[in-house]
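User: Hi! I am new to reading protein models and would like to talk through some charged pairs with you. Could you show me the structure?

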Amino acid sequence: MTTTKVNWTAQGDWGLRDSQGRRFDLARWQDRLDELRAAHHIPGAQLAVLVNGQVYELASGVLHRGIGWPVTTDSVFLSGSIAKVYTATLVMKLVDEGKLELDTPVANVLPEFATPDPMATATITVRQLLSHTGGVTNDFMHDSGRGDDCLEKYVQAARDVPLDCPPGTAVSYGSLGYVVLGRLIEVLTGKTWDQALQDLLFTPLGLERSVTLPEQALRFPVAMSHLGEPGIDPAPAPAWDLMPRSAGPYGRVIVSAGDMARVAGLHLDGGLAPDGTRVLSAASVAAMQHRETDVPDKWTVSADGWGLGWTLYDWDGIAGYGHDGAAIGQYAYLRVVPHAGLALVLMTNGGSARLLYADLFRELLAELAGVTMPAPFGPPAQPPAVDLDPLLGTYRREGVVITVSRGADGGPRMLYEFVDGMKDMSPPLDMALAPVTPTVFAASGAGAAFSEDYMPVVFSTLSNGTACVYVGMRATPKIG
């Protein structure tokens, strides 16, 4: 695997022709990145394109609007939830080494793991946590300190956190489960999650701009987060990284777009590092891409299904995988198309990142892989007639209450409230719902970080018959 870097001032006619004579025009894509970044009020961005074994790295804009330092291909960004792919890769490496089996109950390997439901505690498996089918919550924001024991303390504190839904009844995005997996990695390797990632993945792949701790990031030009309303240039955030250290396994790998593309290359190459070293077995690479569950909400993260760590996509019969990430003002997108040997990585530090992703990746995927991305999510011109009565009511999971009711105009509305330990996270969201199908609605006013201009609200049913609603890929059961 070779690398071509183009910084923000790059000019000239650079490119490579593949065996079919197709040419990747670096100068043209640099111009397009610059144009779209500015149009969507994004301070800075990196783009990495892995195609036919070659990694192209492009950069645009500034790391910090208050200072004006330019983004370069050597800069690093917060990748948010794409960290889950890294944690899943480490878990599968332990499977390769015979230290772990996917269908083993987690509590058998990690006795400190528990939930308030003893039966659930005894049955939740490694496979379920990897595929978000274990029922654990996404919204347990617990700061267990900066010490090397932070994951251990987090898992102990999580013992009293209720499940969102019974294990195995639905896919429901659950970051708590990835902290548990991170702790499992620590127990089986005898290393912190941070060190295990360095030793077992970063070093074998030769990744020089991939770290997990803020103090390590300061060796590099670091992208500052920016916050603001859609449609205007955002301002630098008051702090760079507000996540606790225990968020690492689900939310903090600090990385350049190029290094992330090289991790995707490991999976495209069947588990082999660029020098031919086997890092992961071909069987584990395939298992991660195997569909474990379908996804009722196909819009929040563009998912059609979920594998072991990977979000799975089906673009009119063309299979792909990847993940999205958000980290308080920074947004990252990873897409891989195996048949084309293609991986795309976009890192941003504020602004309407979702719109940049949609515009840029729609063009790149079409040209380089023949993929047609779905149209932006939103209500149709002629909304369908919907029987609202079965959908009205109160839905609750740990830290969140969702109330679906009729507004003054008789149309559906959703009140999304944070409660209990999460009550100070955000003011309540009161949004009108526009029907897309009888069970899918578009909530307006959610912000451009969601699916373009609208947030999907999807009504479904758990496998045990309980009605639920999906907001942000989290299943919230109906209670009344």
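User: Why is the contact between R335 and D324 called a salt bridge?

Analyst: The N to O distance between their side chains is 2.8 Å. A salt bridge is a side-chain nitrogen of Lys or Arg within 4 Å of a carboxyl oxygen of Asp or Glu, so this pair fits. The pair links distant parts of the chain, 11 residues apart: R335 is in strand β15 (residues 331–337) and D324 in strand β14 (residues 318–326). Strands here are DSSP runs of E, at least two residues, and helices are runs of H or I, at least four, numbered from the N terminus.

User: Where do these values come from?

Analyst: This is a predicted model, where local features need pLDDT of at least 70 and side-chain atom pairs count only at pLDDT 80 or more, while totals for chains, interfaces and linings use all residues. Residues are numbered from 1 along each chain as its sequence is written, and side-chain values use heavy atoms, leaving out hydrogens and water.

User: What makes R335 buried or exposed?

Analyst: Buried means under 20% relative accessible area, exposed over 50%, and partly exposed in between (1.4 Å probe, protein chains only). R335 has 1%, so R335 is buried. D324 has 11% and is therefore buried too.

User: Why is R291 called partly exposed?

Analyst: Its relative accessibility is 36%, which lies between the two cut-offs, so that label applies. R291 forms a salt bridge with D294, with the closest N and O atoms 2.8 Å apart.

User: How many salt bridges does a search of the whole structure find?

Analyst: The search finds 25.
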